[in-house]
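The following exercises are to be worked through with the sequence and the model at hand. Each task is followed by a solution in steps.

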Amino acid sequence: MAPPVPAQRPRFGRAPTILLGVLVALAVVCVLFDWDWLRPALVHYLAKKSSREIRVEHLGMTGLFTLEPTVTLRGVYIENAPWADTKQPMAVAGEASFTFSIRSVFDDLTVISRIVLKDTDVDMEKQADGLRNWRLRAPEDRGPPKIKVLSLEAYRSKLRFVDRAPDRDFDIRFTSSEPVDATAKSRAGKPLVNRIDAVGVYRGARFSAQTLTGAALTFRDTGVFFPVRGSATAGGTRLDLDGEVADIIVRPQLDATVRIAGPTLEQLHPFVLLRPAASRPYRFEARVQRTQTEYKFTALHGRIGETDLAGDASHELMGERDQWRANLASAAANLRDLESLAGIHGPARPEAAPADRLFPRQPINAAALRAQDMSLRLDAKKLTAPGMPAVEGLRFKAELHAGVLEFSAFDLAVAGGHVLGQAALDVRGDVPHAQAGLRLAGLRLERLFTRLPSDAQSAGPLHGTLNLEGSGGSLAAILGAASGKVDVAIDGGSISNKLDAKLSLNLGKMAALLFKGDQRIPIYCAAAGFDFKSGIGRARILLVETEQTRIEGVGAVNLREEKQDFELVPRPKSPGLFTLGSSIHVGGTFKHPAVDFHKGRAGAPAIASTAHCPRPVTLAAAR
C-alpha cells in the first residue's frame, strides 16, 4: 500500500506575513530615522540653486504615515536676495515647522496646512514683475504661486511682507509676542497676541492699518475663526473692527462689530468695487457677518449728512448679479443724502442743471441697474428736499430685478397730504422707459405753493390722478416725451371776496370791498385735466367756480421745455358796470411763471359751456 501523499501548502501562504514584516520594518526605520543625515545635502542643494548662504542646524519629520507629515527646522539662516530692499537675512528662525499634504506634492500647488514659527524673523518681498525672494529652488521664476498656505501660528516672531504689484504697494509687518497688556482681548474675550501693521497704496489710494489678532491666523479653506480687533484709515475714512474672521485671503468670513466713518462715500472706492456717489460726512455701525455666499448687516444704525438710518441689510455674493436687500427706517432724512446713498451722482457740470429748470437731467445709469438686483423698504418719517419745502415724509418698497425697477406701496407725504401709487423703470432696452400711476389726496395749496396770496389760503384740499409713461435717458427726458392723463381738483374750501373780485377783474366790486370789508365765499369747483402726448399736455378742462365767478380756460403745458401757455377767462355771475372784458394769460416757465392781462378776449375758451367739475378723490379712497 502506497504511503499517503502529504497535502501541499499554498504556494504564497507566507507572502502576506513577509510583506507585513517588511512594512513594519520600514515604519520602524522611518520612525527611528535620523533626518539630519539628509540635512547637509538639502542645504547644499538649496544654497547652490539660490546662490545664497543657507544654514540649518536641525531637520526632523514626524507623522509621515498620516499623509500630512510635519517637517521641523531649527537654527535656520537664509541670506536675502541681492535685489531685496534690505540687507538683513530673508529668514532667521529658532524653530519653524511645516505640516503639508503628501498628495499635493505631486500637484502644481503644494498645500501647507499649518506653519508654526518660534523666535523667528522673516523678510518676504515680491517685486512688480513677480520676482519673489523666497523662491530658493528657482529664484528667477516669476510664475504663479507654487505653495498654498492655509494657516499660521507665530510666537515671539516678526514677519515683513512687501508686495510691489502694479495695482498695489503693500508693506505689512507682523509681530507676535506675549500680550504686553493683559486686557488686550477681543469682543469675545479671547487674547490678542499678534500685531499687524500695514501701510501702502491700493489702486492709487494710500492707506494704513493696525490690527491685533489671536495666536493662529487662517488664510484660506479652513473655516476656522480667530479673534481680531483693529482699524484702518485711508484719507479721512476710518474703519474699526472687533470680532472674529476666518480665511482672510480667499473668501474671508467675518463676524464682527464694524464702524466706518468718513467725509464722503466717494472715498470708499477703490477699496470697494462699486463707485459710490459723493456725499456729506457719514458714520455707520453694524454687526457684519460675512459667509462665503453673502454679507449680513444687522443692528445697523448711523448717519449720513442730515439723515439718520437704522435697520438690516444683506448682500448676496454668489449670483450672476449683485443681490441687495435692505429694510431701513429714518426719523429724519434729507433727499440729497438718500440720493448719495443710492449712488445717484450730482451734476458733473453746472450746465447739466440749468437754473430755470426743475426736472433732473442727470443721466440714468442703466448699466448699474442691469448689473444688480435689489429689494428695499424705506420709511422716512420726516423728509426734507432741497427746493421742495412742501415734502414731509416718504415710504416705499422698491424691487429691482433683471433691469426692471418697480416702486410699490409708494407714499410721499407732501403739503399736508399724500402722493400714493406705483411706478416702474425698465432699462433692459437701449432707452430707459418709465411709467407711473399716482393718486394725489389731501394736498393743501397754501403748503404746496408757499407764495400763494394770504387771501387764497383757505382753498380746499387738492386731489387728483396722474398716469404717464415715457422714454428717455434722464428723468427730464422721460417727462419730455411723456404721454397719458393728469386730472386734479380742489375739494371745497373758500377764498376771500377780494381775491374773487381780482380774478373776475371786477374793479367796481374791489372798490366796494374797500368800504364794506372782505369776507370768505365758498369755492364750488376748481379742476384741471390734461391729455399728454410726447410731452405736450393739452387742457381738457380748466375751471374755477365760486359763488360769484366762473373762470374757464384753455391752453397747454410743455414738459420738454418746462413751460405753460394758458388763457383764462373770468365770467362774473353778476357783471357790474366796471367789470373788465379781459382774459388772464399765464406763460413763462414752471420755475418762473409770468401772468399778463389781455383786454377784449372775454369769449375765448369755447369749452366753457360743457365744462364741469369731476368728483374728487378722497384720501381714504386713494389709499
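**Exercise 1.** Determine which residues Val122 is in contact with, leaving aside its neighbours within four places in sequence.

*Solution.* Contact means heavy atoms within 4.5 Å. With that criterion, Val122 touches Met90, Ala91, Lys158, Leu159 and Arg160. Next, locate the residue: Val122 belongs to strand 4, residues 110–126, where helices (H or I, at least four residues) and strands (E, at least two) are DSSP runs numbered from the N terminus. Then take one partner, Leu159: it lies 37 residues from Val122 along the chain, yet the two C-alpha atoms are separated by 4.7 Å. Finally, Val122 counts as buried because its relative accessibility is 12%; buried means under 20% relative accessible area, exposed over 50%, and partly exposed in between (1.4 Å probe, protein chains only).

The model is predicted: local features need pLDDT of at least 70, side-chain atom pairs count only at pLDDT 80 or more, and totals for chains, interfaces and linings use all residues. Residues are numbered from 1 along each chain as its sequence is written, and side-chain values use heavy atoms, with hydrogens and water left out.

**Exercise 2.** Compare the expected span of helix 2 with the distance between its end C-alpha atoms, and state which of its residues are buried.

*Solution.* The expected span is 1.5 Å times one less than the number of residues. For the 12 residues of helix 2 (residues 39–50) this gives 16 Å, and the end C-alpha atoms are 16 Å apart, so the two values agree. The buried residues of helix 2 are Val43, Leu46 and Ser50. They lie on the same side of helix 2 because they cover an arc of only 70 degrees around the axis, the arc being that of the directions from the helix axis to the C-beta atoms. Strand 1 (54–62) is included in what covers these buried residues. On the face turned away from the buried side are the exposed residues Ala41, His44 and Lys48. After helix 2 comes Ser51, with a positive phi near 60 degrees.

**Exercise 3.** Identify the residues with the most contacts inside the largest nonpolar core.

*Solution.* A nonpolar core is a set of buried Ala, Val, Leu, Ile, Met, Phe, Trp, Tyr and Cys residues joined through side-chain atoms within 4.5 Å. The largest has 77 residues, and those with the most contacts inside it are Ile78, Leu117, Leu378, Leu383, Leu412, Val414 and Leu425. A second, separate core of 15 residues includes Ala476, Phe532, Phe566 and Ile584.
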